[in-house]
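Q: Please take a close look at one part of this model, the open sheet, and then set it in its surroundings.

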Amino acid sequence: MSAVIEGASADAELRAAAERDAGFLRRLARQPLTVGSAAVLFLVVLAVVFAPLLSPSGPMEQDLLNIYALPSADHLLGTDQLGRDILSRMLHGGRVTLLGVVQATTVCTLIGMTLGLLAGTLQGGVEVLVMRVCDVLLAVPGLVLLLVVLAIFGQNETAAMITLGIIMSPTLIRVVYSATVAVREEPYVAGARVAGLNSRQIIMRHILPAVAGPALTQISLVAALACLVEAAIGFLGLGVVPPNPSWGNMVTDAQQAIVLAPWMLVPSGGIIAVVALSLTLIGNGIRDAYAGRASGSVSAYSWRALTPVVEREDRRPAPAEVKGVELETDRPAPVLSVKRLSLDLPRGRSHVRIVDGVSFDVGPGEALGIVGESGCGKSMTISGVLRVVPMGARVVAESIGFRGVELTTLGESEMNAVRGTGIAFISQEPISSLNPAFTVGHQLQEAVRLHRGTGRAESKAVAHDLMSRVRLPEAEVVGRKYPHELSGGMAQRIAIARALAGEPDLLVADEPTTALDVSVQAEILDLLRDLREQSGMALILVTHDWGVVAEACDRAMVMYAGEVVETAPVRDLVSNPHHPYTQALLRSSSVGAEPRQLLPVISGSVPAPGSWPTGCRFAARCGLVQDRCLTAPVPLVPTTGGVSARCVLVPSTLEAVR
Amino acid sequence: MLGVIVRRLLLAAPLMVIISLIVFVLGSLAPGSVAESMLGSSATPEAVRELNRQLGADQPVLVQYWSWLQRAVAGDLSSSIVSGRPVTELLAARLPVTLSLAVGALLLVIVIGVCSGMVAAVRGGFAGRVVEVLAVLVRGLPTFWLAMIAGVIFGVNLMWVPVSGYVPFGDSPSDWALSLALPVGVLAFGEAALVAIVTRAEMLAAMRSDYVRSLRANGYPWKRIVFKHIAKNAAGPVLTMISLVFVGLLGGTILMEQIFAMPGLGSQMVTSTANHDLPVIQGLAVFYTAMVVVVFLLTDVAHGLLNPKVMAR
């Protein structure tokens, strides 16, 4: 099939990874909440370390004439039931708590990193053993085990904190383990192994950097938890023995005086909250910086965000291309007529254009192929038509007419009524396009019930009929299976049957055969053609495979970098391509190639959305590039016989050059 | 399905043995012997030795463990050194309190966590923000402190609920519910945000999936996609989170029982820890673990019902 033209993508990934590392600290420094939390934490630690110097009075110094005092100049945070200065006790008590946090976190980090990396890199028996131990530890209520240890070791704070570190380690082991497994499968790590790096070098050079982000996030959360648990132990009276202060037993003091002096609750619990919250926020900051997104931007994701903003663009003073495209439509009224459709996806705080002013028609019963390399906007074009888009997308169009109805003016629920019954859809991965949690029979009958409003028994009959139409034998048996129990070809037949349930006028198929074996591909294409002949349904077929286009389509539209570069009847397009990109694509595929010849590839890669050049977007990879290609956008020019191409050489000069 | 349950039960038994062994071996490391604790510091070495022999405490740890295990399987978890009462008796008397707290909080966590997670996933924006902020607060605020603040507000100032104590269900169901309101509320508040976060994340992941794209593109109504198709797929990970939350809740009941003066397993655990009452601590630790194992088992069964791939294995 098409000798793939996707070079340089691995390169781009490596570069992105490198940029991610470089950007990590910069992004972290740009999060005010994280930086603030780190500063607060630093100040608290500093104050606690220098407690003897900073405390206004000794932590045990009593002043029985001045008990339960509110904050004043003498006692910044007031005094407790024995008139002791709360600030001084807090600073001294923090030494116990923070030391405990350091002990527990260190133990947890050592165990978590070592075992996680070991399990992730060594695999086999070690992997199984470590994961089993994790399961066992996760089943132990942590506080219970801590109490056991405290009972046995006579309320020994250090023993308790080491135990706490062990108890908290399974989560870290799992985080490190899954991060390690994720990179272990990456091609560059496998490459490093082949290149002869030993395990230690691979861990240091490739795995540790990848594990660092998730691990640091988890370690901050572990430290926060350690702080809370240490305080809880102190609160239960099982840690530091009064009158020595700890943050936990200061809360106990506050509890005793809850009615007399509720103020005591504020500083005693407050300091624990400040430290634990800071640690949590630092953890979240690391997570966000590592994932390469602005802090907290996740809240923009929701089901609601799946519904795109639809803007109807007013008709512009008609550029030549639009006029031209209309000139050649001396055919019956199209089923679908798309005019100047654009689609924007969110990137950071703004949007980036993915599809740029695409216009096309699909006649009744016609099959239109949309062809191009990955990343040219083929799938996004049909997503825009169907308005089934990624979160936060924006659809802009002059007009999308379907059977005479203007889709851009429809609300979401009216649009939903068009989907399924007017335009149906099948996708690239047949098995994952079906819900894994329901039997395929159930899913098919559900579609029938939804689109035809039939009862249970009738739906079942219709579903069986549909299954025989897509040539699936033994409807009863197959219907009881789950998607993962089917082969790709069978699953795609089910998906097609589901799409037919609403008796659509137009079927949109997004690379329906790409994930299938070659022999199954041919069967599915046959099936689609027969179904089209039986029902007179039109078809839009997105593909990068010229074989599929030649086999199944009447017309084809070639897309490059978000715009249409050529559209023509398939026969003309294959035999006489006008645009240099179409020519290159065809040369790199096996359609019409000389036998026993190496297929050439197109050097370079598709410019990324957001960095499209002003002039011809293919210029950088075009062998026929001229100065005038680079200066201004090239219009889509119609030539004879329903052919349009977006190239300065079309129509006159191109023939001469070739 | 039955196979899943049987297999899980077979895995649960060794887990219980391992946990009890750990607790037992740790116990044997304790300085001093049971007899010393029982007889007090004035006892003669001969008396201590004699009692240790009677109790079997002079035997190797594994022999002691074996006899403990045999008795435990038969339902005898030995007796408290302090009160002399059988551990099983203590358990039976105090279990209703802890169970009321843990189960009540778990139900509340499921309802609040799953609902708010779904709202955040469907509506996003403000609801999503609230869930996120709460999840941070939960990891950063000590629950025992929150419980006291709640006690001051709702118990002392507003006087809606009693500040402390526990009323058995048999005495008065309404007072029982009131006495649980504060501790259950505080416990659930903390853990619900974690469930909400997982619910939202799983649903959002499903919303980006291929099958949801296909359902949307074929005109399924959004309620059907969200509440049927996405819900069934997101339920598995949410269940796992809920079972982990239960482990956290059990730890939380210890604190709540202490704060609100409730005579449950947790307050017994704290008292016994302070008294070095090892048999009680061992018995309780094993029992806590058993509760976790039961919840994990139920989770696995639910997983099997939800996910056809688990059944197939």
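A: What follows starts with the sheet and moves outward to the rest of the model. The model is predicted.

The sheet is open and has eight strands. Its order is 8-9-10-4-11-12-14-13 in chain A, and the pairing is mixed. Strand 8 and strand 13 (637-638) of chain A form the edges, each pairing on one side only. In general, strands of a sheet pair through backbone hydrogen bonds, in a parallel or an antiparallel sense.

One pairing shows the parallel sense. Strand 4 (residues 367-371) of chain A runs parallel to strand 10 (residues 538-543) of chain A, over five bridges. Within that pairing, Leu368(A) has Ile540(A) of strand 10 as its bridge partner.

Confidence varies along chain A. Strand 8 (residues 423-426) of chain A, an edge of the sheet, has the highest mean pLDDT among the elements of chain A, 94. Helix 24 (residues 652-657) of chain A has the lowest, 41. The pLDDT stays below 50 over residues 652-658 of chain A, a stretch with five contacts beyond near neighbours in sequence. Residues 318-329 of chain A also fall below 50. That stretch has 17 such contacts in the model. For chain A as a whole, the mean pLDDT is 84, and 90% of the residues reach 70 or more.

Next to the sheet order comes a loop worth a look. Strand 9 (506-510) of chain A follows helix 18 (488-500) of chain A, and Glu503(A) is in the loop between them. Glu503(A) is not a glycine, yet its phi is positive, about 45°. Most residues other than glycine have a negative phi. Is Glu503(A) buried or exposed? Glu503(A) has 13 other C-beta atoms within 10 Å, so it counts as partly exposed.

The sheet belongs to a chain with 24 helices and 14 strands. Chain A has 658 residues, and 48% of them are buried. Of its contacts with a separation of 6 or more, 68% join residues 24 or more positions apart.

Chain A also meets chain B. There, 70 residues of chain A are in contact with 68 residues of chain B. On the chain B side, helix 10 (residues 222-259) of chain B gives the largest share, 11 residues. That side divides into 42 nonpolar, 17 polar and nine charged residues.

Chain B carries record annotations. An unreviewed UniProt entry places "transmembrane region" at several spans of chain B, including residues 134-156 and 238-260. Residues 134-156 of chain B are 91% helix and 0% strand, with end C-alpha atoms 25 Å apart. Residues 238-260 of chain B are 96% helix and 0% strand, and here the end C-alpha atoms lie 30 Å apart. UniProt, again in an unreviewed entry, lists "domain: ABC transmembrane type-1" at residues 95-299 of chain B. In the model this span is 85% helix and 0% strand. Its end C-alpha atoms lie 22 Å apart.

Chain B has a positive phi too. Ser78(B), a residue other than glycine, has phi near 60°. Ser78(B) is in the loop between helix 4 (61-73) and helix 5 (87-123) of chain B. Ser78(B) has 19 C-beta neighbours inside 10 Å. The buried class needs 20 or more, so Ser78(B) counts as partly exposed.

Note on methods
Residues are numbered from 1 along each chain as its sequence is written. Chains are lettered from A and ligands numbered from 1 in the order in which they are written. This is a predicted model: local features need pLDDT of at least 70, side-chain atom pairs count only at pLDDT 80 or more; totals for chains, interfaces and linings use all residues. pLDDT is the predictor's confidence in each residue, from 0 to 100. Helices (H or I, at least four residues) and strands (E, at least two) are DSSP runs, numbered from the N terminus. Two residues are in contact if their C-beta atoms, placed from the backbone, lie within 7 Å. UniProt positions are given in the numbering used here, feature names are shortened, and annotations may be inferred rather than shown by experiment. Two strands pair if DSSP finds at least two bridges between them. A residue is buried if 20 or more other C-beta atoms lie within 10 Å of its own, exposed if 12 or fewer, and partly exposed in between; C-beta atoms are placed from the backbone. Ala, Val, Leu, Ile, Met, Phe, Trp, Tyr, Cys and Pro count as nonpolar, Asp, Glu, Lys and Arg as charged, and the others, Gly among them, as polar.
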